[in-house]
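Biologist: I am new to this structure and would like to learn how to read it. Could you walk me through it, feature by feature?

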Amino acid sequence: PPVEQETSAMNIGFDVDGVLTDLEGFQKRTGAQYFQRPPVCPDAYDVEAIFRCTHSEREAYWRKYIWRYCISEPLRADAADVSRALRQQGHTVTIVTARVHTSESGFTGWLFRRMLTRWLKRNGFCYDRIVYSPEKDAAEAKRRLCADCGVDLLVDDSAENLRSVKGTANILCFTAAWNRDAHWLDAYRVSSFRQIGELLLK
């Protein structure tokens, strides 16, 4: 991927769902159990489209599985080691996430932010700052957050987010089923944190 190696330290942004976690694998695994059928549209992003269920069925699925996902889904392999090494080499690590409810005020927002920060700590992912984007219009919101936080490079799995951010920061696309058809991202693709480490660490 054409990431410009900077002589000075970078501020590197990471998305959570689909980058730090294997959201694709989680939805397909648990969705097959819940709906009792294999994925119908395996390249879709959301369980509603993946299994062609109704919106109410989607909501019922997430009511059952959201806590398991937020609390127990593992961090991707090598992510903790790469985050630690990046900070040891002087880079800043910023989490830029639109995880459900985390940008909300009130108890629900607090709870989902708390679950996320505790999950990051428990899994050993090292970071300097975390910023929360609303789910609605997340692409533009993430662009503004990256600009405001001085993010030099964003790692995300959403083609829409990456297109929005590209004029503000360098990008890396974490490959997932839902972005494989976005061929303009082919030059920016990574598929593991080991690969990210090879690109960014000295």
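**Reading the model step by step**

Modeller: Gladly! Let us begin in a loop: Arg52 sits between α2 (47–50) and α3. Please keep in mind that this is a predicted model.

Biologist: What is unusual about the phi of Arg52?

Modeller: The general idea is that most residues other than glycine have a negative phi. Arg52 is not a glycine, yet its phi is positive, about 50°. Arg52 is also exposed, with a relative accessible area of 60%. Asp78 is another case: its phi is about 75°, again positive although Asp78 is not a glycine. Asp78 belongs to the loop between α3 and α4, and it is partly exposed, at a relative accessible area of 30%.

Biologist: Now the sheet. In what order do the six strands lie?

Modeller: Strands of a sheet pair through backbone hydrogen bonds, either parallel or antiparallel. Here the sheet is open, its pairing is parallel, and the order is β3-β2-β1-β4-β5-β6. At the edges are β3 (129–132) and β6 (189–190), each of which pairs on one side only.

Biologist: Which residues can I use to follow the pairing of β1 with β2?

Modeller: Try Gly13, whose bridge partner in β2 is Thr94. Strands β1 and β2 run parallel and share four bridges. With β4 (residues 153–156), β1 has three bridges, also in the parallel sense, and there Phe14 is opposite Val155. Moving to β2 (residues 92–97), you will find four bridges to β3, parallel once more; Ile95 faces Ile130 across that pair.

Biologist: Are the faces of β1 buried or exposed?

Modeller: A residue counts as buried when its relative accessible area is under 20%. In β1 (residues 11–14), Asn11 and Gly13 point to one side and Ile12 and Phe14 to the other, and all of them are buried. Both faces of this strand are covered.

Biologist: How do I read a helix such as α8, and which of its residues are buried?

Modeller: An α-helix has 3.6 residues a turn, so residues three or four places apart point the same way. In α8 (residues 193–200), the buried residues are Phe193, Ile196, Gly197, Leu199 and Leu200. Looking down the axis of α8, they fall within an arc of 165°, so they line one face of the helix. Arg194 and Glu198, on the other side of α8, are exposed.

Biologist: What do the buried residues of α8 pack against?

Modeller: Their partners are β1, β4, β5 (170–174) and β6 from the sheet, together with helix α4 (79–88).

Biologist: And how do α3 and α5 cross?

Modeller: For a pair of helices, look at the distance and the angle between the axes. The axes of α3 (residues 55–72) and α5 come within 8 Å, crossing at roughly 40°. These two helices are therefore oblique to each other. From α3, the residues in contact are Ile66, Trp67, Cys70 and Ile71; from α5 they are Leu111, Phe112, Met115, Trp119 and Arg122. By class, this contact has eight nonpolar residues, one charged and no polar.

Biologist: Where does α5 lie relative to the strands?

Modeller: Helix α5 (residues 106–123) lies across β2 and β3, and it runs at about 150° to β3. That brings us back to an edge of the sheet, since β3 is one of the edge strands.

Methods
Residues numbered from 1 in each chain as written. Predicted model: local features only at pLDDT ≥ 70, side-chain atom pairs only at ≥ 80, totals over all residues. Heavy atoms only, no water. Pairing = 2+ DSSP bridges. Contact = heavy atoms within 4.5 Å. Axes fitted to C-alpha atoms, helices over the stretch in contact; angles between N-to-C directions. Parallel < 35°, antiparallel > 145°, perpendicular 65-115°, else oblique. Nonpolar A, V, L, I, M, F, W, Y, C, P; charged D, E, K, R; others polar. Buried < 20%, exposed > 50% of the residue type's maximum accessible area, 1.4 Å probe, protein only. Arc of directions from axis to C-beta.
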